[in-house]
Amino acid sequence: MSFRSYMDQALDEARAAADRGEVPVGAVIVAPDGRVVAAAGNRTRELNDPTAHAEILALRAACGDAGSERLPGHDLYVTLEPCAMCAAALAAARVARVYFGASDPKSGGVIHGARVFSHPQAHHAPEVYDGIAEDEAVALLKAFFEARR
């Protein structure tokens, strides 16, 4: 089976989040059979919920689809490096692989900051692939924040 990226769909979710006035982060979860089982963009402002990150919303939907709190064999595509909260949730859900676009030296929790997956307390460490469609993800974030200055 050959690799197929779902980052374009995650970028679409990020653009939709920006259109709603949210920080443009999008996430897509793909089942082992290649089906997209969840897609979401940030909704923290809309829902008045600091946990409504794209990854968390996608995890909730994917777990509902699976009928389980665990997602073995599932892949997450997200436009920005997950924060520590999202990384911990991904570990708890046993997501197999995390593909992300832009790195986040300030708030990232995977290759920066807390590095959640490398802690002994992490029950699971997914495979991590960074820099997928990084230029597009970075451009979305820069445009969003420049428009607010």
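Is Asp33 buried or exposed? At 56% relative accessibility, Asp33 falls in the exposed class. Keep in mind that what you have on screen is a predicted model, and let's use Asp33 as the way in.

Asp33 has a partner. Its side chain forms a salt bridge with that of Arg35, with 3.0 Å from N to O. Arg35 comes out as partly exposed, at 42% relative accessibility. The general idea is a familiar one: side chains of opposite charge can pair when their charged atoms come close. Across the model, the count of such salt bridges is six.

Another of these pairs sits in helix H1, which covers residues 7-19. There, Asp12 and Arg15 are three residues apart, or about one turn of the helix, and their side chains meet in a salt bridge with an N to O distance of 2.8 Å. Both partners are partly exposed: Arg15 has a relative accessible area of 36%, and Asp12 has 45%.

Now look at Arg43 and Glu46. Their salt bridge comes in at 2.4 Å, N to O. Arg43 is partly exposed, with a relative accessible area of 28%, and Glu46 is also partly exposed, at 45%. This pair has company, too, since Arg20 joins Arg43 and Glu46 in a network of salt bridges.

Let's leave the charged pairs and turn to the backbone. Most residues other than glycine have a negative phi. Arg94 goes the other way, with a positive phi near 60°. You'll find Arg94 in the loop that runs between helix H4 (84-92) and strand E4 (97-102), where it is partly exposed, with a relative accessible area of 23%. Ala133 is another case: it isn't a glycine, yet its phi is positive, at about 55°. Ala133 lies in the loop between strand E5 (127-130) and helix H5 (134-147), and it is partly exposed, with a relative accessible area of 21%.

Back to Arg94 for a moment, and to what touches it. Arg70, from the loop between helix H3 (54-66) and strand E3 (75-80), is in contact with Ala92, Ala93 and Arg94, once its neighbours within four places in sequence are set aside. Take Ala92: along the sequence, Arg70 and Ala92 are 22 residues apart, while in space their C-alpha atoms are 7.4 Å apart. Arg70 itself is partly exposed, with a relative accessible area of 37%.

Finally, the cysteines. How many disulfides does a search of the whole structure find? It finds zero. Cys63 is in no disulfide, and the nearest cysteine sulfur to it, that of Cys86, is 13 Å away. Cys86 isn't in a disulfide either; for Cys86 the nearest cysteine sulfur belongs to Cys83, at 3.7 Å. Why does that pair not count? The cut-off is 2.5 Å between the sulfur atoms, and the sulfur of Cys83 is 3.7 Å from that of Cys86. As for accessibility, Cys63 is buried, with a relative accessible area of 17%, and Cys86 is buried as well, at 0%.

Terms used. Residues numbered from 1 in each chain as written. Predicted model: local features only at pLDDT ≥ 70, side-chain atom pairs only at ≥ 80, totals over all residues. Heavy atoms only, no water. Salt bridge = Lys/Arg side-chain N within 4 Å of Asp/Glu carboxyl O. Helix = DSSP H or I, 4+ residues; strand = E, 2+ residues; numbered from the N terminus. Buried < 20%, exposed > 50% of the residue type's maximum accessible area, 1.4 Å probe, protein only. Contact = heavy atoms within 4.5 Å.
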